[in-house]
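Here are some short exercises to work through with the structure open beside you. Try each task before reading its solution.

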Amino acid sequence: MTTYDIKNKPKRKVIAVANQKGGVGKTTTSINLSAGLAYLGYKVLLKDADTTGSATLWVDNIYSSLKEDELVPFDFEIANKTSLSRNREKYDFVIIDTPPQETMIMDAAIKVADYVVIPTAPTSLDIDRVIEILRLIENKPCKVLLTQIKVNTITYRAAREMFEDQDIQFFNTGIAHREAVIHSIGQLPSEDAMRDYHKIVSELLVDLDCEVRT
């Protein structure tokens, strides 16, 4: 497990994981961010505001597969529009998994968030939806997270170049399309599955003015 020396520990940061398009890795990102931050010693609450309940099913599967001495490293609750801003005082980070299409809930999550992570596949159709959600976020701190990528492909390079040309902030590391990530669904993420997400967590902490040293 990667270890970090952390200074200036932030308090009560809310991170919304949002995109109007489904199938881009919102729930996978929410779970991995929650686990990655919790493994660093932060107290984390994951809120499932997605009406499809993907994060809820994932966490239920984790609980059912745990051994007697194992624990889920983060807390979890099902949330709706009115409960998104509750139960955040005792946590360092609250991660909100938002639904596609349900704009009222997604808008509410963005409103209470301190930072928005926008997962997207690198295709032109997916990127068009990123432009749409950026209009909703306006001036709130946010970054695009490229998921399901194949490094050294024209599609991936074109996506990065487009974001650079339009001055859209994106994470330096993309999430590779790897078997370990796929097989981690419904389980506590393995070290191999979290390989790219460790780098995302590090960058996220820097964005939140938290010094991180590997």
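The exercises below concern a predicted model, and each is followed by a worked solution.

**Exercise 1.** Work out the strand order of the open sheet of 6 strands, and find which strands stand at the edges.

*Solution.* Start with the order, which reads β4-β3-β5-β2-β6-β7, with parallel pairing. Next, look at the two ends: β4 (75-78) and β7 (142-146) each have a single partner strand, so one side of each lacks a neighbour in the sheet. Finally, check the twist: neighbouring strands are turned by 20° against each other on average, ignoring direction.

**Exercise 2.** Follow the pairing of β3 with β4, then see how α1 and α7 pack on the sheet.

*Solution.* Strand β3 (residues 44-48) pairs with β4 in the parallel sense over 4 bridges. Within this pair, Lys-47 has Glu-77 of β4 as its bridge partner. Now add the helices. α1 packs on the sheet and touches β2 (13-17), β3, β5 (93-97), β6 (115-120) and β7, its direction making about 165° with that of β5. Helix α7 (residues 195-207) also packs on the sheet, touching β2, β5, β6 and β7, and its direction makes about 170° with that of β7.

**Exercise 3.** Is β6 enclosed or open, and what are its bridges to β2 and β7?

*Solution.* Begin with burial: 6 of the 6 residues of β6 are buried, so the strand is largely enclosed by the rest of the structure. In a regular strand, side chains alternate between the two faces of the sheet. Sorting β6 by face puts Tyr-115, Val-117 and Pro-119 on one side and Val-116, Ile-118 and Thr-120 on the other, all buried. Then take the partners. β2 runs parallel to β6 and is joined to it by 3 bridges, with Ile-15 opposite Tyr-115. β7 pairs with β6 in the parallel sense over 5 bridges, where Thr-120 has Leu-146 as its bridge partner.

**Exercise 4.** Describe how α1 and α2 cross, and name the residues in contact.

*Solution.* The axes of α1 (residues 26-39) and α2 (residues 54-65) come within 9 Å and cross at roughly 50°. The two helices are therefore oblique to each other, and their crossing is right-handed. Thr-27, Thr-28 and Ile-31 of α1 meet Ser-54, Ala-55, Trp-58 and Val-59 of α2. By type, these residues divide into 4 nonpolar, 3 polar and no charged.

**Exercise 5.** Is Ser-184 buried or exposed?

*Solution.* First locate Ser-184, in the loop between α6 (179-183) and α7. Its relative accessibility is 3%, and buried means under 20%, so Ser-184 counts as buried. Leaving out residues up to four places away in sequence, Ser-184 touches Trp-58, Pro-189 and Ala-193.

Definitions and conventions: Residues numbered from 1 in each chain as written. Predicted model: local features only at pLDDT ≥ 70, side-chain atom pairs only at ≥ 80, totals over all residues. Heavy atoms only, no water. Axes fitted to C-alpha atoms, helices over the stretch in contact; angles between N-to-C directions. Parallel < 35°, antiparallel > 145°, perpendicular 65-115°, else oblique. Left-handed = near helix turned anticlockwise from the far one by under 90°. Contact = heavy atoms within 4.5 Å. Nonpolar A, V, L, I, M, F, W, Y, C, P; charged D, E, K, R; others polar. Pairing = 2+ DSSP bridges. Buried < 20%, exposed > 50% of the residue type's maximum accessible area, 1.4 Å probe, protein only.
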